[in-house]
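Student: I would like to understand how the words used for a protein structure are justified. Could we go through some of them, setting each value against its definition?

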Amino acid sequence: LLAGEERPLDVKQTAISGLLDAATQMIPAGKLAMYNRRVASDINKLDPAAIAELTRLAQERGITLTPAELTNLSTLKAQQKVLGNLPESGDTLAKFYEKRYTQQIQPAVDEFLSTISKVDDPMTAGFSAQKALADQLEKLKLVRTQQTDPLYKAAFDASVPVDVKPIVSQLDSMLNIAKGDEKRALERIKANLYREKTTLDANGNEVVSKVLEDRLPALQRVKFDIDAMLKGDAAGSMDQVVLRDLTRIKDDLVTRMGKDNPAYLEANAAFEIASEPINEFARRRTGTSLINIGQDNLDQFATKVFEGSPGTVSYVKKQIQASNPEAWNDVTRAYLQQRWEKAMSVTPGSRELPIDAGASWRNMLLGDIKTQRKLQEALPPEQFAALKDMTTVLEAAGKVKKIGSDTAYNQKIIANLEDKAPGVFAEIGRLAGGAISPQRWGQFISD
């Protein structure tokens, strides 16, 4: 990557060589058999098929992985980590990590996100998705109207007069003690139960008088008005006892309307069934949160969706896609993109690049079963598989702890390796004049 050219790499041979070649040249003959047995155990962990598959995935995405990252062998990872802390090799590795992040990983992630949606602005995605939900809600209401209007029309056409005198008497009794909002609500209902009727007196003059409303279609409007009161702002200031009383009045009115008009009750039953999709929409995150997000906060739409359960993600997807399939793709990309941006975030004032952002992104998206299930619901199978392949490569690129002094860690790695191959590092130190030579160490890893 640093040379700007690609060269074929035999990963298994490189791994074996890195474990054996240079080291065994320095181990005293008496201890070589012990070292070979220990190293053979590590080499036996190599899975050629898995390495070949990871190599293929990385090459398809243009991401360079080291032998340690490809094999996931603890010995090679420890060596690569130590190299990152040595002055001479550390600079080279730092440049490699930075170039891989800026020239390979970032472009690969951007390309993957573009396969889901070309919309790269979460605010735009939120706007499109919210509009799709609003449109879908109107569609659900339209379906209900189309299913029930013919039933109500037939019931009204065949209706007989309704006696509402008992309802008025009930209202009068409640008005004797009612105050404030309650009194105003009861007076409004009572007024709606009367209508003006014009008749002629003995001289042929028109006389306007108020009579009880007995027409079924008109009383249906009274019911609608009570429904509006129970859901309106005024209801919020009413006592629960008062609200229950108003609900009882509405229920009694409906009962009287249907007493001699059974077709009306049948229409109401059909209306309840047709209302269930709308009621579910209102109960779920679609109605309680998403459709009410303010314009200035629509960039958080995707986050709000994926904060829910896998079932919630599935439901929201279904509702948005029913109105605008592309809007759902925009939402899914917005979520993945915002997770990526969070993975790339660094401490304010830091001058270091987030070279392991890919591994962090993978953990955010696939680190637990619940989040995996959400993404499985959100993405088609082929796109979810592509996400897994991409994050598998990014996870491999983050296998080795990167640049940064860690004296205790380095000492422990060296001690562990000395324990596995007694005398190896002591011999290196002796040959280097009492200190590990970075040049000789680099050649050791290179071999």
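Tutor: Let us begin with a cut-off: a residue is called buried when its relative accessible area is under 20%, exposed when it is over 50%, and partly exposed in between. Please keep in mind that this is a predicted model.

Student: Why is Lys-165 called partly exposed?

Tutor: Lys-165 has a relative accessible area of 49%, and because partly exposed covers the values between under 20% and over 50%, Lys-165 is counted as partly exposed.

Student: What makes the pair Asp-163 and Lys-165 a salt bridge?

Tutor: Side chains of opposite charge can pair when their charged atoms come close. The cut-off asks for a side-chain nitrogen of Lys or Arg within 4 Å of a carboxyl oxygen of Asp or Glu. In Asp-163 and Lys-165 the closest N and O atoms are 3.1 Å apart, so the pair meets that cut-off. Asp-163, with a relative accessible area of 38%, is partly exposed.

Student: How do you know that Glu-60 and Arg-56 meet in a salt bridge?

Tutor: Their N to O distance is 2.5 Å, and since the limit is 4 Å, the pair counts as a salt bridge. Both residues lie in helix H3, which covers residues 48–60, and they are four residues apart, about one turn of the helix. This pair also belongs to a network of salt bridges that links Glu-53, Arg-56, Glu-60 and Arg-61, and a search of the whole structure finds 22 salt bridges.

Student: Why is Glu-60 called exposed, and what is Arg-56 called?

Tutor: Glu-60 has 51% relative accessibility, and because exposed means over 50%, Glu-60 counts as exposed. Arg-56 has 36% relative accessibility and therefore counts as partly exposed.

Student: What makes Arg-283 and Glu-276 a salt bridge, and is each of them buried, partly exposed or exposed?

Tutor: The side chains of Arg-283 and Glu-276 meet at 2.9 Å, N to O, which is within 4 Å and so qualifies as a salt bridge. Arg-283 is exposed, with a relative accessible area of 53%, whereas Glu-276 is partly exposed, with 36%.

Student: Why is Ala-274 called buried, and what does Ala-274 touch?

Tutor: Ala-274 has a relative accessible area of 9%, and because buried means under 20%, Ala-274 is counted as buried. Ala-274 lies in helix H12, and, not counting residues up to four places away in sequence, Ala-274 touches Arg-144, Gln-147 and Thr-148. The C-alpha atoms of Ala-274 and Gln-146 are separated by 9.7 Å, although these residues are 128 residues apart along the chain.

Student: What makes the span of helix H7 close to the one expected?

Tutor: Helix H7, residues 122–157, has 36 residues and reaches 52 Å from its first C-alpha to its last, which is close to the 52 Å expected at 1.5 Å a residue. H7 nevertheless bends by about 35° at Thr-148, and a proline, Pro-150, follows within four residues. At the N-terminal end of H7, Asp-121 acts as a cap, with a side-chain oxygen 3.0 Å from the backbone nitrogen of Met-123.

Student: How do you know that Thr-71 is buried, and what does the side chain of Thr-71 reach?

Tutor: The value for Thr-71 is 9% relative accessibility, and since this is under 20%, Thr-71 counts as buried. Thr-71 lies in helix H4, residues 67–71, and the side chain of Thr-71 reaches the backbone oxygen of Pro-67 at 2.8 Å.

Student: What makes the phi of Asn-72 worth pointing out?

Tutor: Most residues other than glycine have a negative phi. Phi of Asn-72, however, is near 65°, a positive value in a residue other than glycine. Asn-72 lies in the loop between H4 and helix H5, and because a relative accessible area of 35% falls between the two cut-offs, Asn-72 is partly exposed.

Student: Which residues touch the most other members of the largest nonpolar core?

Tutor: Of the 59 residues in that core, Phe-301, Leu-336 and Trp-361 touch the most other members. Helix H6, residues 87–116, gives the most to this core, with 10 residues.

Notes: Residues are numbered from 1 along each chain as its sequence is written. This is a predicted model: local features need pLDDT of at least 70, side-chain atom pairs count only at pLDDT 80 or more; totals for chains, interfaces and linings use all residues. Side-chain values use heavy atoms; hydrogens and water are left out. A nonpolar core is a set of buried Ala, Val, Leu, Ile, Met, Phe, Trp, Tyr and Cys residues joined through side-chain atoms within 4.5 Å. Buried means under 20% relative accessible area, exposed over 50%, partly exposed in between (1.4 Å probe, protein chains only). Helices (H or I, at least four residues) and strands (E, at least two) are DSSP runs, numbered from the N terminus. The expected span of a helix is 1.5 Å times one less than its number of residues. The bend at a residue is the angle between axes fitted to the seven residues ending there and the seven starting there. A polar contact is a pair of N or O atoms within 3.5 Å; within protein, one must be able to donate a hydrogen and the other to accept it, and residues adjacent in sequence count only if both atoms are side-chain atoms. Contact means heavy atoms within 4.5 Å.
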